[in-house]
Amino acid sequence: MFLSNVGLGRLVVLGFRQVGSSFRMFGDLFEEDYSSVSNYQYGKEKKLKTKALEPPAPREFTNLSGIRNQGGTCYLNSLLQTLHFTPEFREALFSLGPEELGSFEDKDKPDAKVRIIPLQLQRLFAQLLLLDQDAASTEDLTDSFGWTSNEEMRQHDVQELNRILFSALETSLVGTSGHDLINRLYHGTVVNQVVCKECKNVSEKQEDFLDLTVAVKNVSGLEDALWTMYIEEEVFDCDNLYHCGTCDRLVKATKSAKLRKLPPFLTVSLLRFNFDFVKRERYKETSCYTFPVRINLKPFCEQSDSDDLEYVYDLFSVIIHKGGCYGGHYHVYIKDVDHLGNWQFQEEKSKPDVTLKDLQNEEEIDDDPLIILKAILLQEENNVIPVDQLGQKLLKKIGTSWNKKYRKQCGPLRKFLQLHSQIFLLSSDESTVSLLKNGSLQAESDFQRNDQHIFKTLTSESPGLNDRPSCSHWFDINDSKVQPIKEKDIERQFQGKESAYMLFYRKSQLQRPPEARANPRYGIPCHLLNEMDAANIELQTKRAEWDSTNSNLELRLHLGPHYHFFNGALHPVVSQAESVWDLTFDKRKTLGDLRQSIFQLLEFWEGDMVLSVAKFVPAGLHVYQMLDGDDLTLCELEIADGEDLFVWNGVEVGGIPIPTGSDCEPLLLHVLHLATSSEGGRCPRLVESPHVFPSNAEVGAVLTALAVPVGVLFISATDPAGEEDWVAIPEEDLKKTFREQGLRNQSSVLVQDSSDDNSSLLTQGKWFTGMNEISWLQVQNLCELESEEKQVKVSATVNTVVFDIRIKAIKELKLMKELAENSCLRPIDRNGKLLRPVPDSYTVKEAELKMGSSLGLCPGKAPTSSQLFLFFTVGSDVQPGTEMEIIVEETVSVRDCLKLMLEKSGLLGDTWHLRKMDWCYEAGEPLCEEDATLRELMICSGDTLLLIEGKLPPPGFLKVSVWWYQPGGPTGHWKSHPDQMHGTPSPGGVWRAASTQGAPGDLHGEVSLLYLGDLEISEDATVAELKSQVRLLPVAHGSGGPASSSHDLVLLLGACRPLPSLPQSLDRGRPAPRQAFTSQPAAAQGIQTGKENRDLLRAPSERRKFGHHKQ
């Protein structure tokens, strides 16, 4: 089988621009309607390109550049990388100079002929070779195709693109020395011959090809497919005779095909996608299809005296498709012929008797930060070390700081230690870290394991390396990501949903010049070399400017002499403005540099200067940790932008010693107690007064502060009904600290003096109506608009309308008034997830908002009373934060809702259905009634629907999966057990169940389950009819099966339970009429409508035991 590049039925126009006669190229490339061509002007219909503030990142360790995906251009990226790593194609394109192709500068000049597509390909290849960026952009290239943003978001077939791109290039290069570029490198011929068996006359027809299209279905591999195409002969005889022109009659004949001319580069397209005429749907062939790394094509060619080496081809590119026939993703495995990249691979290496001392002296230590930190801590006394010193020792051990090597993927050092609390234990003020005992044992076992993973670089200069085919340099290029792979990894693409789709071979006799080896500048014309050199200098300048701009920290210096300590915290003596100095400082400089700069600013300072991290709390300014390590940079010390630093002598302020650390962080509590009358007695009126206490103080300090010798303390708590109650603190718990008792800033405490009347304070544990019920809600700005404050507290009561809260938040955040018409409030749960919007007309009580909770001010209007706000996601594996959102009318049908969700998620096809996520966060029952409205199905705002692939059976029908069950033991006895269906598949679709309790039989250890297929049957059908349908299913592997069985069948549902339950008469040993359980409809036997993949097991009905039932 072969395809010609002629008559593809697609629009191909000239690939050059001529002012006044511009064409749109590839705009309708994959559209079926190509009867008209739109007038496309170069530069129009471009999507708006937002210039990124941050310059592109430099190349990673492979030293190869990927290509950014524009939304749906992975197929284009894979083909372009293949062409780029075909040196002969790349260099032939580079050989065409501006005198033949024109230049970009002339594209707008009248009567100037500029061949845009080859020019853009030249520039792209030069960028991939020389520009120091991790991924190149194809936007200019696709603009030259005439693609709009809509075209770039759609995925197409890479085989079709290959043929049309080649055809367009041929057209574009007409009139240049490269007019035969495609023909010279990729063109081959096939000859079809018909030989008359009577007169031996040979009739020939020659056809051209740019790629060979080979079958995949019912073929084991490439060589098998080529054998069928070019070795086997088709015989014309009997009723299928051939009319011979020489004999002038119908005769017997043979027809065959042979490869006559082979190109230097052979492209093979695999027919993975087929059409099932029975099911009337497309499908992807995922069976195993092998292809060799080196292939000899001489058996498939015409006989010739040429050397065998002329027919030997080496694989150098494999384009891979992952997904199904309605969508997926492309990436490519490519062989680096010129060794342009840095080929590294991760290799398992056995290292017996590895000790901690050996690991410390090892030059190539493991790249796992967890192991390195544990190794450092194991060397410390008692496995304890200050966190600052841990960072310094890490720097000495690996030669680079934590922030440079690990911060990007692991976050700050302290956060990393907190996330691994099962191994590391941070002190309360987070200044020191220790290794837990179980972590210590685990660390030692990690270091003593035999199979350590190390990185080993195989350089192209190693003697004899390139003589071995096993050391070919292969890379997996997946859009922007480039990873080294081994040649044996290609075998993983023989079969499955992720499998090879296009193969590219090159003649093994093609030799590369020595000067091209590891030389990316080889063959590039001077004007492009100069352009890339200038672009690299510009990139370096931009990165330096970016680093300089983004390396500055804004620090707020709080000067100790301008503060005084009272009421548990620091407060300015005069004003905040006079006490705080703003300082801009480079975070790449050290703490010592910062201290020296502050000394120079504060000429009046005398004595020691200590810098400490401070934070504002409701009580005032509190000092936390002291900064230490003058040789550490601010980045290594994890000083954040906008950090508050307290400048003092490290001991006291105004003669008062200052408590520091998170342990003694001041808490601002709201203390409620009965007011005191003018006569000194108690009034039946509660008053609230703020009090500040250290976090590590005892709770009983509240009584001391109020001069209450004996009393009871109550703290606010929420009961299961969601109402606020007061819970008394037991007397023995008054010795606990505020933190141990769970009290935080803004917590409320109710004090009851022993002399107070209980009834005046509490009624059944709840405050009486005289209490002040006003509280607050916290509103965060999530409108992507900058404001001075990120969040504000808005006072509210249970009767406050949500609209008033939203408007007040907009005013206090100082946001645009336009948001009043196009914004909404959404509750934020404890995991940070945004919940459904709250209608403006609701009160706080109606919206079920708890006082003190957080709301997000988000763009977009809240749904009306007739609308539903729904979350939805694709598939049943729901990952937090991946849900999409949609607002629909509650009267919309399930079918229309499904269409809207498919459109929003960019999915195609009609083989989808909806399921509602149940309370276990799993896929629940499907929404079978497609014409029913969401309101009728009781779908509520905030519900999550799942888009599941697969069609539901028609109404009134069931879809069941049928398995053939054969016991492996001699007794025929078995026991019903839920785990019977759990097993592992053996070759041929037979499942072998593990020998567990409840497996069939007591003497044998395995059960054979053979999958027979799916049945669609009416829910009104009887079990007897179901058995009849089951008997008609084909059985593979010569296992006989129920159709040939002389026994009756027993149908079992799910985990091997009989269908149906046996009649009561059988319990008493009396046989029951078969009609008792064979004439009932399937639905009455427990098989439900709309259930998919309900497994039915069928087995010979020998004498068996079902629990205590007998048959």
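**Reading a Predicted Protein Model**

In this predicted model, a salt bridge joins Arg512 and Glu91, and their closest N and O atoms are 2.4 Å apart.

Q: Where in the chain do Arg512 and Glu91 lie?

A: The pair links distant parts of the chain, 421 residues apart. Arg512 belongs to the loop between strand S25 (498–507) and helix H17 (526–550), whereas Glu91 is in helix H2 (residues 87–94).

Q: How is the distance of 2.4 Å to be judged?

A: A salt bridge requires a side-chain nitrogen of Lys or Arg within 4 Å of a carboxyl oxygen of Asp or Glu. With 2.4 Å between the closest N and O atoms, Arg512 and Glu91 form such a bridge. By this rule the count comes to 28 salt bridges.

Q: Why does Arg512 count as buried?

A: The term buried applies under 20% relative accessible area, exposed applies over 50%, and partly exposed covers the range in between. Arg512 has 18% relative accessibility, and it therefore counts as buried. Glu91 is also buried, because its relative accessible area is 17%.

Q: Which other side chains meet in a salt bridge, and are they buried or partly exposed?

A: One of the other pairs is Glu204 and Arg260, with 3.2 Å from N to O. This pair too links distant parts of the chain: Glu204 is in strand S6 (residues 202–209) and Arg260 is in strand S11, 56 residues apart. Glu204 is partly exposed, at 45% relative accessible area, and Arg260 is partly exposed as well, at 32%.

Q: What is the situation of Lys833 and Glu883?

A: Their side chains meet in a salt bridge of 3.5 Å, N to O. Lys833 lies in the loop between S44 and S45, and Glu883 lies in the loop between strand S46 (867–874) and strand S47 (884–889), 50 residues apart. Lys833 counts as partly exposed at 28%, while Glu883 is buried at 16%.

Q: Which residues are joined into one network by salt bridges that share partners?

A: The network consists of Arg90, Glu91, Asp338 and Arg512. The opening pair, Arg512 and Glu91, thus appears again here.

Q: Why can helix H1 be called largely enclosed?

A: One examines how many residues of a helix are buried. In H1, eleven of the eleven residues are buried, so the helix is largely enclosed by the rest of the structure. Among them are Cys74, Tyr75, Leu76 and Asn77.

Q: What does Asn77 touch?

A: Contact means heavy atoms within 4.5 Å. Not counting residues up to four places away in sequence, Asn77 touches Ile67, Arg68, Asn69, Thr138 and Asp479. Asn77 counts as buried because its relative accessibility is 2%. The C-alpha atoms of Asn77 and Ser137 are separated by 9.7 Å, although these residues are 60 residues apart along the chain.

Q: Where is Leu259 found, and with which residues is it in contact?

A: Leu259 is found in strand S11 (residues 253–261). Beyond its neighbours within four places in sequence, its contacts include Thr189, Val190, Phe209 and Phe300. At 1% relative accessibility, Leu259 counts as buried.

Q: Against which strands do the buried residues of H22 pack?

A: They pack against strand S42 (775–781), strand S43 (791–796), strand S44 (823–827) and strand S45 (854–859). The buried residues of this helix, which spans residues 802–812, include Val802, Ile805 and Arg806. Just after H22, Lys814 takes a positive phi of about 60 degrees.

Q: How many cavities of 30 Å³ or more does the structure hold?

A: The structure holds seven. The largest cavity has a volume of about 150 Å³. Of the 13 residues that line it, the closest to its centre are Gly391, Leu413, Glu636, Leu637 and Glu638. Helix H12 gives the most to this lining, with four residues.

Q: Which residues form a nonpolar patch on the surface?

A: Trp581, Leu601 and Phe604 form one, with about 290 Å² of accessible area together. Phe604 is placed in the loop between helix H19 (591–601) and strand S30 (610–617), and at 46% relative accessible area it is partly exposed.

Q: What does the secondary structure of the protein chain come to?

A: It comes to 26 helices and 59 strands. Of the 1111 residues in the chain, 47% are buried. The accessible surface comes to about 56,800 Å², and 50% of it belongs to carbon and sulfur atoms.

Notes:
Residues numbered from 1 in each chain as written. Predicted model: local features only at pLDDT ≥ 70, side-chain atom pairs only at ≥ 80, totals over all residues. Heavy atoms only, no water. Patch = residues over 30% accessible without salt bridge, like charges linked within 9 Å, V, L, I, M, F, W, Y side chains within 5 Å. Areas by Shrake-Rupley, 256 points an atom, 1.4 Å probe, with all protein chains shown as cover. Helix = DSSP H or I, 4+ residues; strand = E, 2+ residues; numbered from the N terminus. Buried < 20%, exposed > 50% of the residue type's maximum accessible area, 1.4 Å probe, protein only. 1 Å grid on protein atoms, 1.4 Å probe; cavity = no way out; pocket = protein on both sides within 12 Å on 5 of 7 lines; lining within 4 Å. Points joined across faces, edges and corners; volume = space filled by probe spheres on them.
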